[in-house]
Each structure stands twice: as structure tokens, then as C-alpha cells.
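Subject: A structure for you to explore

Hello,

Here is the structure I promised to pass on to you. Please open it next to this email and follow along as you read.

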Amino acid sequence: VLLEVENLSVRFGGVHAVQDVSFAVLGNEAVGIAGPNGAGKSSVINAVTALVRASSGSIRIGGEDGGPVDVTRRSAEARSRLGLARTFQHGALLEELTVLDNVLCGARSEAEGGWVSAVLCTPAYGRRWRAAEEAAVATLGDVGLPDLPLRRRVRDLAPADRQLVSLARALIAQPRVLFLDEVSAGTDPATKSRIGQLVRDFCARPGCGVVFVEHDLTYLRQVADRLIFMAEGQILAVGAPNEVLGRPDVLRAYIGGEPEVIGA
Ligand SMILES: Nc1ncnc2c1ncn2[C@@H]1O[C@H](COP(=O)(O)OP(=O)(O)OP(=O)(O)O)[C@@H](O)[C@H]1O
Ligand SMILES: [Mg+2]
């Protein structure tokens, strides 16, 4: 088990964004999360990665050696050190910085030597920096952006390229559990299928798994091993994608929230 979430709840004032949500992610598993707008999908990812505070519940990350680590009260940084990385529904890229800088933000190695070596520009720092740059270039190639100018400012990128840069930023951290919040939204069909393949490839690595939010039912069927369907902050159904998406109550919840998605 890579991740265990138990009875997770998230509240924003009077809004119960997430209520009593429990699920686990196994190794080599892609878990999809679907549901109408406002169902609480992003809030689940945000709480698990510590972007927002859970009002109750517990989160455990499977240890690389030994048992799971309870991270319920640990920082986002601590959780990322234990192998969580993510993309954001609304980009959250550093707009004024370059593509390269944005991807490097996700890399750990170049920060590891501490600020003294950075300020003094020691040879070790230079080596780490060059290695990080090479990793960034390789990762941009992996996500399908081998020709993107590294020095271009992120604010000047097309929407699909921004999504891919944010995917590269998550991947360069070499996570064990990758969280993707609508990362293929607004991309063309070719890019979308490449992202789907990337998710599958990532999942195939030992000790890795993915949790992804997505509206496109075809994509969900193709990419998810297991689907969690949320409505009004709760899990309405969980299981094989075809099974879940065939359930009348799931279809009703979708039609109630977002009719056009049924034909997607
Ligand atoms: N930071 C926040 N402050 C206040 N309310 C929030 C915040 N984030 C989410 N909410 C509310 O929590 C509920 C769940 O929102 P969430 O963004 O998790 O839904 P979602 O399933 O990701 O929807 P979408 O498909 O539109 O992305 C909504 O009612 C939303 O308005
Ligand atoms: Mg969302």
C-alpha cells in the first residue's frame, strides 16, 4: 500500500468540501477520481498533499522500508520528501520565470547542498546544478516537450504546454505517488493520449502509483485501474471504471451536475 486515506474531511467555513472519504492506493495502480464540479475532487488532493488542512481524518504514506508513516500532521514539504508530488488544477506555475526554472523548482538535488554552497558557488554546487539542468531537459523530453525553449517565460506558453511543464515539475521530483488534477484538460487529443501513456508508464515503475482527477470518461476508462466517483464531498461509488460509470446513481449525479460530460 502506497497511501492510505482514512475518514478524510475538509471544511471551508460552512462548506463541507470533503466528508469522510477513505481510500488506498496500491503499488502500480492508477486511481481516477471523477465527479461533478464542486464534488470535492481537488480538495481531496489538496488535503492529502497538505495544501489545505484536513478538518479530520488521517493520511499515511507507505514507507520505503518499514511500515507506513502517519503524515496527518506533517507539512507539505515532509510529505513530498516521503514521495508525494502533484500538479495543480490551475497551473500554479511561476509565471515570470522560465520553463527551466519552473521545472527545476520540482527538483530536490540542486537545493540539497544548502545555501552556503550556493552562495559560494562551490564546484559541488555547480555539478549538482548541471545535473539538475540535465534532468530538467530529460524530463521535458519525457513529457513530450523536447523542443520547448528552456528560457521562455512560462506566461508566454500555450495552455497545453503549461500543463506539461507542470507535469514535468512533478515528475522531476521522482515521486512515488503522483497526483494529477485535470492535467490533460484543454489539451488536444494527441497530447491527451500521450499524457495517458505517461501515467501508465509511471504506474508501471516499482513502488509507484497515481491518483488523477479527470472529467473525460473515455480517458478515465483507458487510464484508471480503479475509479472513485465523488458527489457532494462523498464517495458515491468505487470500483472498475466501467462498472462505476455504468451505475444509474453515478449517471444521475453527473447529469445533475454537468450534462455535457456524458457524451465525452
Ligand atoms: N480554498 C477554498 N476556499 C473555500 N471554499 C473552497 C475552497 N476550495 C474549494 N472550496 C469549495 O469546496 C467544494 C469542493 O471544491 P473542489 O474544488 O474540491 O471541487 P472539485 O470536485 O475539484 O470541482 P471541479 O470539478 O470544479 O474542479 C466547493 O463547494 C468549493 O467551492
Ligand atoms: Mg477541481
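Which residues does Val 250 touch, not counting residues up to four places away in sequence? They are Phe 229, Leu 236, Ala 237, Val 244 and Leu 245. Before you look for them, please keep in mind that this is a predicted model.

Let me stay with Val 250 for a moment. You will find Val 250 in helix α11, which covers residues 248–257. Its relative accessible area is 0%, so Val 250 counts as buried. Now try picking out Gly 35 as well. Val 250 and Gly 35 are 215 residues apart along the chain, yet their C-alpha atoms are separated by 8.3 Å.

**The ligand and helix α1**

Next, please go to ligand 1. There are 14 residues around ligand 1, and those that come nearest are Gly 38, Lys 41, Ser 42, Ser 43 and Gln 89. Three distances are nice to check for yourself, each one ending at an oxygen atom of the ligand:

- From Gly 40, a backbone N or O atom lies 3.0 Å from a ligand 1 oxygen atom.
- From Lys 41, a polar side-chain atom lies 2.7 Å from a ligand 1 oxygen atom.
- From Ser 42, a polar side-chain atom lies 2.8 Å from a ligand 1 oxygen atom.

Lys 41 and Ser 42 also belong to the buried residues of α1, together with Ser 43, Val 44, Ile 45, Asn 46, Ala 47 and Val 48. Is helix α1 largely enclosed or not? Helix α1 spans residues 41–48, and 8 of its 8 residues are buried, so the rest of the structure largely encloses it.

Asn 46 is a good residue to look at within helix α1. Its relative accessibility is 14%, and buried means under 20%, so Asn 46 counts as buried. The side chain of Asn 46 makes a polar contact of 2.8 Å with the side chain of Arg 86. Leaving out residues up to four places away in sequence, Asn 46 touches Leu 51 and Val 52 as well as Arg 86. After α1 comes Ala 50, with a positive phi near 70°.

**Two pairs of helices**

Now for some helix packing. How do α3 and α6 sit relative to each other, parallel or perpendicular? Helix α3 (residues 99–106) and helix α6 (residues 123–142) have axes 9 Å apart and pack at an angle of about 105°. Angles from 65 to 115 degrees count as roughly perpendicular, so that is the description that fits α3 and α6. On the α3 side, the contact is made by Val 99, Leu 100, Val 103 and Leu 104, and on the α6 side by Trp 129, Ala 132, Glu 133, Ala 136 and Leu 140. Sorted by class, this contact of α3 with α6 has 8 nonpolar residues, no polar ones and 1 charged.

The other pair is helix α7 (residues 159–171) and helix α8 (residues 189–204), whose axes come within 12 Å and cross at roughly 10°. An angle under 35 degrees counts as roughly parallel, so α7 is roughly parallel to α8. From α7, the residues making the contact are Leu 164, Leu 167 and Leu 171, while α8 brings Thr 191, Arg 194, Ile 195, Leu 198 and Phe 202. By class, the contact of α7 with α8 divides into 6 nonpolar, 1 polar and 1 charged.

**Strands and a loop**

A few residues outside the helices are worth a visit too. Ser 58 sits in strand β4, residues 56–61. With a relative accessible area of 16%, Ser 58 is buried. Its side chain makes a polar contact with the side chain of Arg 60, at 3.4 Å. If you set aside its neighbours within four places in sequence, Ser 58 is in contact with Glu 4, Val 5, Glu 6 and Thr 72.

Finally, look at two asparagines with positive phi values. Asn 7, in strand β1 (residues 3–12), has a phi of about 50° although it is not a glycine. Its relative accessible area is 36%, which makes Asn 7 partly exposed. Asn 28 is in the loop between β2 (15–25) and β3 (30–34), and its phi is near 65°. Asn 28 is partly exposed as well, with a relative accessible area of 40%.

Enjoy exploring, and write back whenever you like.

Best wishes

Methods
Residues are numbered from 1 along each chain as its sequence is written. Chains are lettered from A and ligands numbered from 1 in the order in which they are written. This is a predicted model: local features need pLDDT of at least 70, side-chain atom pairs count only at pLDDT 80 or more; totals for chains, interfaces and linings use all residues. Side-chain values use heavy atoms; hydrogens and water are left out. Buried means under 20% relative accessible area, exposed over 50%, partly exposed in between (1.4 Å probe, protein chains only). Helices (H or I, at least four residues) and strands (E, at least two) are DSSP runs, numbered from the N terminus. Axes are lines fitted to C-alpha atoms, for helices over the stretch in contact, and angles run from 0 to 180 degrees between N-to-C directions. Angles under 35 degrees count as roughly parallel, over 145 as roughly antiparallel, 65 to 115 as roughly perpendicular and the rest as oblique. Contact means heavy atoms within 4.5 Å. Ala, Val, Leu, Ile, Met, Phe, Trp, Tyr, Cys and Pro count as nonpolar, Asp, Glu, Lys and Arg as charged, and the others, Gly among them, as polar. A residue is near a molecule or strand if one of its heavy atoms lies within 4 Å of it. A polar contact is a pair of N or O atoms within 3.5 Å; within protein, one must be able to donate a hydrogen and the other to accept it, and residues adjacent in sequence count only if both atoms are side-chain atoms.
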